[in-house]
Every structure is written in structure tokens, then in C-alpha cells.
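Thank you all for coming; I would like to walk through one structure with you this morning. Please have the view open in front of you as I go.

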Amino acid sequence: MQQTETTFDDRYRTGLDLAARLGGETDGTEAFELLGRQWDLLPGVFWPRPGTGTEWYTTAIPYRNAPRFLEIGCGAGVTAVWAALHGCGHVTATDVVESAVRNTALNAARHGVGDRVRAQRSDVFSDLAPDERFDLVFWNCSVIEAPEDFEFTRDVEWAIFDRGYSALRRYLSEVHDRLTPGGRALVTFNSLGDQRRIEETARQAGVGLHRLGESTRLLSGEGVTFRLFEILRPEEPRGERA
Ligand SMILES: C[S@@+](CC[C@H](N)C(=O)[O-])C[C@H]1O[C@@H](n2cnc3c(N)ncnc32)[C@H](O)[C@@H]1O
């Protein structure tokens with residue numbers, strides 16, 4: 001996979017810049033349009049502008065035959081609501097940030113799917129009931145690696161940074177334990193992150209990554225390539241269920 005050569009410091013600076021621009025709190029944005037719908041945005045929640053990838057991932061996810069959908073890191077709730085509107089009868093939407101959980105519940109009610117979307121706080125899988133299983137699990141993860149001692153001071157920073165990719169490692173290691181038989185696990189990654197480190201993190205977690213699709217979009221005038229991956233168990237042949 002190709003990636004423009006950038007250093008840890010370059011990527012970290014880009015992350016700080018994104019955090020400054022994408023948190024609704026910075027400019028008082030309270031609503032936005034995406035995918036032909038209007039959405040509420042609470043202060044501090046990641047603002048999925050066109051170009052951020054949320055628009056593409058949300059329409060690229062294979063929701064068919066997946067009545068029970070789990071989204072980790074739901075942010076404003078666009079993908080969770082979209083899933084409920086496109087065939088998923090039971091959507092669980094979680095985020096480590098409370099404001100995102102509230103925002104998702106707000107948008108689910110706004111679009112008439114409040115009865116099908118359960119929003120709750122969870123740090124990756126740790127706050128879900130141990131026996132909960134899903135047909136499809138997805139995370140548009142926080143793509144920029146932060147130093148291990150990075151201190152989160154604003155909600156929106158959670159949408160950009162992951163300390164040493166430790167949350168991603170937990171997600172990749174634990175996601176298959178959350179699937180129903182035949183269930184599928186997905187994750188996104190984009191060219192603002194460190195592709196070599198994600199491959200290393202996947203190896204450490206003992207999983208494979210099979211690319212289902214990609215799209216390059218302009219984010220603040222710069223081309224960013226967004227990729228959607230299926231997470232494969234070590235024994236699962238690549239591309240079996242593309
Ligand atoms: C790139 S944003 C995506 C938000 C939304 N899904 C979207 O596409 O617009 C990543 C999301 O993951 C959440 N997140 C970060 N670390 C997390 C963790 N350890 N557990 C759960 N959610 C987390 C962030 O708060 C943020 O909402």
C-alpha cells in the first residue's frame with residue numbers, strides 16, 4: 001500500500017490541526033448536512049464534513065444480512081442512523097466520549113430510528129455486556145498515532161488520536177469474539193495515519209486486513225485516501241467474502 005513518506009511528527013502536527021478544525025465547539029457549528037440529510041452536532045463531537053471519509057464509509061459498508069450492527073466510535077451518529085435506515089434492525093452505537101453518545105441519540109430521534117438505535121458509552125468493547133454478539137462490527141477509527149503519554153484535553157481529540165494505536169490493537173484483537181457465526185468485522189484507515197504501523201498492529205493482534213474498497217477525497221484542499229478493510233481471522237483466506 002502506498003503512502004507519502006511522512007514522519008511521526010508531521011502526522012502528529014496534522015492531527016493537532018484537524019482537532020482544531022473539526023470540533024464543532026471551535027466555531028459554534030450546531031448542525032450540518034451530509035448524505036442529503038440534516039444532522040445535529042454537539043460541542044466537541046467530530047464534525048464529519050464532506051472529505052472526512054464518513055460520507056464514503058457510510059455508503060460503502062455492506063449492511064445486507066446484518067440485522068445486528070455495532071458501531072464503535074459513533075461520533076455524531078451518521079453511520080449508525082444510516083445503518084438503521086438501511087436494513088439493520090438493531091443498531092448499537094458506542095463511543096468513549098459521552099457527548100458523542102448523546103449526539104447519536106439525538107440524531108437517531110431526529111431521523112425516526114430512536115427505537116432501533118441504542119447509544120451507549122463504551123471504551124472499545126469494554127462496557128458492553130460480555131455475551132453481546134453482532135452480525136457486523138465497524139469502527140472508523142482515530143487514525144493518528146499520539147505519544148503514549150498524550151493527555152486528552154478536548155473531546156474531539158479522541159476522534160483524531162490513538163495513544164500508540166493501543167485502542168486499535170484492542171479492537172483488532174477482540175472484535176472476532178463479538179461476532180455471531182458468519183459475522184463480519186470492519187475497520188477503516190486513511191492516508192493521514194501510519195500504514196506501516198497499522199499493518200504491524202494487525203500482526204500483533206493476530207489478524208489479517210483485506211481491503212474492500214478505497215476512495216480519495218479532498219480534505220481541506222489535500223487528497224486523502226480512505227480505505228475500508230475487513231478484519232480476517234488468521235486462518236481465513238483473503239478475499240473470501242469480498
Ligand atoms: C474518526 S472518528 C469517527 C466518528 C464517526 N463514526 C464518523 O465517522 O463521523 C472516531 C471516533 O472514535 C471514538 N473513539 C476514540 N477512541 C475510542 C475508544 N477507545 N472507544 C470507543 N470510541 C472511541 C472517537 O470519540 C470518535 O467519535
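Let me begin with a term: by a polar contact I mean a pair of N or O atoms within 3.5 Å, and within protein one must be able to donate a hydrogen and the other to accept it, while residues adjacent in sequence count only if both atoms are side-chain atoms. Please keep in mind that this is a predicted model, in which local features need pLDDT of at least 70 and side-chain atom pairs count only at pLDDT 80 or more, whereas totals for chains, interfaces and linings use all residues. Residues are numbered from 1 along each chain as its sequence is written, and side-chain values use heavy atoms, with hydrogens and water left out.

With that in place, we can turn to the ligand. A polar side-chain atom of Thr 54 is 2.8 Å from an oxygen atom of the ligand, and Asp 95 likewise places a polar side-chain atom 2.6 Å from a ligand oxygen atom. Val 96 takes part through its backbone, where an N or O atom lies 3.3 Å from a nitrogen atom of the ligand. On its own the ligand has 600 Å² of accessible area, and the protein covers 96% of this, the areas coming from the Shrake-Rupley method with a 1.4 Å probe, where for residues only the protein chains shown count as cover.

Which residues are the closest to the ligand? They are Gly 73, Asp 95, Asp 123, Val 124 and Asn 140, out of 21 that surround the ligand, a residue being counted if one of its heavy atoms lies within 4 Å. By class, this shell has twelve nonpolar, six polar and three charged residues; here Ala, Val, Leu, Ile, Met, Phe, Trp, Tyr, Cys and Pro count as nonpolar, Asp, Glu, Lys and Arg as charged, and the others, Gly among them, as polar.

Val 124 deserves a second look, since its phi is positive, at about 45 degrees, although it is not a glycine. As background, most residues other than glycine have a negative phi. Val 124 is in the loop between β5 (117-121) and β6 (134-139), helices (H or I, at least four residues) and strands (E, at least two) being DSSP runs numbered from the N terminus. Asn 65 also has a positive phi, near 55 degrees, and is found in the loop between α2 (54-60) and β3 (68-72).

Are these two residues buried or exposed? Val 124 counts as buried because its relative accessibility is 5%, whereas Asn 65 is exposed, at 74%; buried means under 20% relative accessible area, exposed over 50%, and partly exposed in between, with a 1.4 Å probe and protein chains only.

Now to the cysteines. The structure holds zero disulfides, a disulfide being a pair of cysteine sulfur atoms within 2.5 Å. Why is Cys 74 not in one? The closest cysteine sulfur, in Cys 88, is 14 Å from the sulfur of Cys 74, and that is too far for a bond. Cys 74 is buried at 5% relative accessibility, and Cys 88 is buried too, at 0%.

Finally, the protein as a whole has six helices and eleven strands. Of its 242 residues, 54% are buried. One of these is Leu 18, at 7% relative accessibility, which has its place in helix α1 (residues 8-22).
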